[in-house]
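Biologist: I am new to this one. Please show it to me, and then take me through the reasoning behind the terms.

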Amino acid sequence: MEEKKLPLEGIRVCDFSWYAAAPVATKCLADFGAEVIKMEYSAHPDLIRIAMPQAPGKEGDLGAGGWFNNENSSKLCLGLNLTHPRAKEIYDKLILASDIVVENFSPAVKERMGLNYEDYVKLKPDIIWVDQPMQGLIGPYKYTPGFGAIITPLGGLSHLSGFPHRPPVGTGTNYTDYVINPGHLAIAVIAALRYRKLTGQGQQIVMAQLGSAVSVLETAILDYTVNNRTPPRTGNRIPYAAPHGCYRCKGEDRDCVYYNMYSVPHEIPGRKDDRWCVIAVFSDEEWEAFCDVISNPPWTRDRKFSTLLGRKENEDELDSLVQEWTIQRSPEEVTMLMQQAGVSAGVVQDAEDILVHDPQLRARGYYVYLDHSVTGHSAYDGIAFKLSETPGKLTRPAPRIGEHSEYVCKEILGMAEKEINDYLVEGVLEVG
Amino acid sequence: MSEQKTLLGDVRVLDLADQKGVYCTKLLADLGADVIKIEKPGGDPMRHIGPFFHDEPDPEKSLYWFQFNTSKRGITLNLDNADGREILKRLVKTADVIVETFPPGHLDEMGLGYSVLKEINPRLILTSITPFGQTGPYRDFNASDLIAQAMGGLMYLAGFPEDPPHKLHGSQAYHSASVQATLGTEIALYVRELTGRGQQVDVSMQESVLISLETAMQHYDLRKEIRRREYREAPITPGIGLYRCKDGYIFSYIAGGLAGAGWDVILDWLDSEGMVADLRGPEYEDVFALMGDIQKMIRMAETDLEALMAVVGKWGHINEVISAFMMKHTKQELYDGAAKRRLMQVPVQSPKDLLESTQLEALGYFVDVEHPELGTTLKYPGAPCYLISKTPWRISRRPPLIGEHNSEIYEKELGLSREQLAVLKQEGAI
């Protein structure tokens, strides 16, 4: 069968972005066929290359990092030392040879590098130029440094997440870096690309990561502006369902190794006993079905639990009674029993459950395995939306630094061998 | 075409989505698409979700409805009725996209499957958002936001180790699925400009959140380690995590110069207020030096764990000194002091703080939307990208009232007569 063309083939992206929130957006473009060219230098790598996890025995190798690799599938890498004064000679050419430019530097760095839309649009009027600073290119806090980790607390999500009697611990990850901010950004970029196809016009897109994060607080903003109310943290509860929570289940009788990101040592041998399920009961019918699944113990006939209002008023007691039942079972068993009865339930899955055991994800082939020169055969997040005709494809593993320098310099920039060598000697370029 | 003032102004969307997809159609609508929200006669169930305007429970006062239905038009239509389904088919002729969230197979059962719809309009894109996708052994499972956050692994990473895992606030699985669905829909629209044909977009809520596991999947894949929730009441690594301050919480990420300024800067700051204690002593030099060098720390964990643990043993005291400093200050003082010094340290902001944020004000983030029926103007959260220079991302109208655009669409567009509409109303079709 003839290999189908990917939808964004022929679109070139000059990608200055690093860390996470913009690289995940350019991963989406790359997985749909855009030629995305990153620029890095071994002495100045994208810093998430050095973060954990690293392939065992390869720690310290700039290609060993699973965090970086996952976000950079299907991309090319030009080994360019962006801190060198002569780097601009090269990236200026690449910008003008591209359809889209993406940068997520601090505005201070962007200014220092001269990466201004206003200058380049004069030379290439239909360029789509994308800036994704933390807090904006304008405003009193535009120079405040940061990355995804600070957006969750600054953008309101930490204040609202977690249990009411506990500190605002947040989301456990740099949450907005992976779907919310790169997603909102790519939504604007792909629409702008289509707009350019229809009208011939490019434009500038600027996302303040802070603003994008505030967009997903559900009704918290309106509740404050309209009713002057800041709701307390509600843990796993919502106003219109009960039970609606997370319940401890029976642990497994085997050893495992846990990983803690912020404490040392990071690796903690343990038992696979941190097992939980979630159950959500919305309607009276679902409540009846739930009671049947747990064999109608006498407490379920107590009048205080027979209506949603009653269950909400006695939710602490309800939750502890539910847990008395779940703790005798594995979360998988709870899930199957509830789902067979039409009640929403699920396993609080850890990465092992998700990557190895989840039959749904395996059947749908979500994770993609690619052969990488340092990490070997390793897993990548696939594409989270399936297009029936043009599904996209992870065409290559994350690049090594400078892996595609020769291709970019010769084929795209038309540089002669001698010119390339001069830049190599001067420490501007690197071939990986 | 060159007249178009929005990115998606030429796109019409029929919105058959519930909570799982209502943010997708809001994104499309705020980008300029003509989104027609199709509600059951009497109003969509989302209108019953609070909070409500001035706490008055009323289907025209749901803030949940307001939040997710800006820039859309609205009609009522009953798809359980044969005439209702025929009307939908007529609407499909001029539609570019349908966004739906029915259980897999439900549209087929109603005679409105993609094979039928694309006969009517081969350019149609059908975007479907379900808990686990259109295929696979769990395709018929029930799931709300909570279930998808759990099955997608987000919850396992969130919270304190001594507490149960907690969900992320704000229905993040619904939001994530809607963002992914919008991306898929836009790529399908782009492809349609090349091929002239529509296609189906299948979005699983569970899959939508998976990339947000950050490094958890790779930890297992590369090293067979299970990353888990681990925050403590106070940070473990000094300078990284949540600290209590005078009036709330402050989040620091002072990773030894990895991003932003380093330890010398924060020690100067403590010193300037006489609160550096003994941290400038020689016994702490190696500790601060190591905190700026992640690679060295990783190597030491492999080769000289004992030496590493000796350093780590001094972390507790450093944290005590920093905690005492934080407790002397408000979060605004700590934020401004950090901003001045280029330290990564920000307040844990509440909705009130966000509304008072001078930064969001400078971006023009919050926007006023007139609600004449309520006799007032409400302040909404605004665009995720504050600048799209030629085609701004904006709210074009307040959310629709129940059946507000029935006449506009049924009479003016489809040419139904008043008599026909009366019949349709009596049989419960509209």
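Biologist: Where in chain A does Ser295(A) lie?

Modeller: In the loop between helix H11 (284–293) and helix H12 (308–313) of chain A. Keep in mind that this is a predicted model.

Biologist: Is Ser295(A) buried or exposed, and how do you know?

Modeller: Count the C-beta atoms. Ser295(A) has 8 others within 10 Å. The cut-off for exposed is 12 or fewer. So Ser295(A) is exposed.

Biologist: What sign does the phi of Ser295(A) have?

Modeller: Positive, about 65°, although Ser295(A) is not a glycine. Tyr19(A) also has a positive phi, near 65°, and is a residue other than glycine. Tyr19(A) is found in the loop between strand S1 (12–15) and helix H1 (21–31) of chain A.

Biologist: Why does Tyr19(A) count as buried or exposed?

Modeller: Tyr19(A) has 21 C-beta neighbours inside 10 Å. Buried needs 20 or more. Therefore Tyr19(A) counts as buried.

Biologist: What makes the bond from Met52(A) to Pro53(A) cis or trans?

Modeller: Look at omega. For Met52(A) to Pro53(A), omega is near 5°, and the bond is cis. Pro53(A) lies in the loop between strand S2 (35–40) and helix H2 (66–71) of chain A. Another cis peptide bond joins Ala242(A) and Pro243(A), with omega about -5°. Pro243(A) lies in the loop between H10 and strand S7 (244–248) of chain A.

Biologist: What makes you say whether helix H10 of chain A is mostly covered or bare?

Modeller: Helix H10 spans residues 220–227 of chain A, and seven of its eight residues are buried. Each of those seven must therefore reach the cut-off of 20 other C-beta atoms within 10 Å. Among them are Ile221(A), Asp223(A) and Tyr224(A). So the word "covered" fits helix H10 of chain A, given its seven buried residues and the cut-off.

Biologist: Which elements do the buried residues of H10(A) pack against?

Modeller: Elements of both chains. In chain A, they are helix H7 (157–160) and helix H9 (209–214). In chain B, they are helix H2 (63–68), helix H16 (351–355) and strand S12 (376–380). Next in sequence after H10(A) comes Asn228(A), with a positive phi near 60°.

Biologist: How many residues has the largest nonpolar core, and which have the most contacts inside it?

Modeller: It has 242 residues, and Val189(A) and Ile205(A) have the most contacts inside it. Helix H8 (residues 180–199) of chain A gives the most to this core, with 11 residues.

Biologist: What is Ile205(A) in contact with, leaving aside its neighbours within four places in sequence?

Modeller: In chain A, the list includes Ile128(A), Val130(A) and Val189(A). In chain B, it has Cys385(B), Leu387(B) and Ile388(B). A contact requires C-beta atoms within 7 Å, so each of these pairs falls inside that limit.

Biologist: How many residues does the contact take from each chain?

Modeller: It takes 146 from chain B and 143 from chain A. On the chain B side, helix H7 (residues 172–195) gives the largest share, 16 residues. That side divides into 83 nonpolar, 40 polar and 23 charged residues.

Biologist: Which strands form the open sheet of seven?

Modeller: The order is S14(A)-S6(B)-S5(B)-S4(B)-S1(B)-S2(B)-S3(B), with mixed pairing.

Biologist: What makes a strand stand at the edges here?

Modeller: Having a single partner strand. That holds for strand S14 (385–387) of chain A and strand S3 (73–76) of chain B, so one side of each is left without a neighbour in the sheet. Neighbouring strands are turned by 20° against each other on average, direction ignored.

Biologist: How do you know that strand S1 and strand S2 of chain B pair?

Modeller: Count bridges. Strand S1 (residues 12–16) and strand S2 (residues 34–39) of chain B have four, in the parallel sense. Pairing needs at least two, so they qualify. Within this pair, Val13(B) stands opposite Val35(B).

Biologist: How many bridges join strand S8 of chain A to strand S7 of chain B?

Modeller: Two join S8 (residues 255–259) of chain A to S7 (residues 226–227) of chain B, and the strands run parallel. The cut-off is at least two, so this counts as pairing. Tyr259(A) has Arg227(B) as its bridge partner.

Key:
Residues are numbered from 1 along each chain as its sequence is written. Chains are lettered from A and ligands numbered from 1 in the order in which they are written. This is a predicted model: local features need pLDDT of at least 70, side-chain atom pairs count only at pLDDT 80 or more; totals for chains, interfaces and linings use all residues. A nonpolar core is a set of buried Ala, Val, Leu, Ile, Met, Phe, Trp, Tyr and Cys residues joined through C-beta atoms within 7 Å. Two residues are in contact if their C-beta atoms, placed from the backbone, lie within 7 Å. Axes are lines fitted to C-alpha atoms, for helices over the stretch in contact, and angles run from 0 to 180 degrees between N-to-C directions. Ala, Val, Leu, Ile, Met, Phe, Trp, Tyr, Cys and Pro count as nonpolar, Asp, Glu, Lys and Arg as charged, and the others, Gly among them, as polar.
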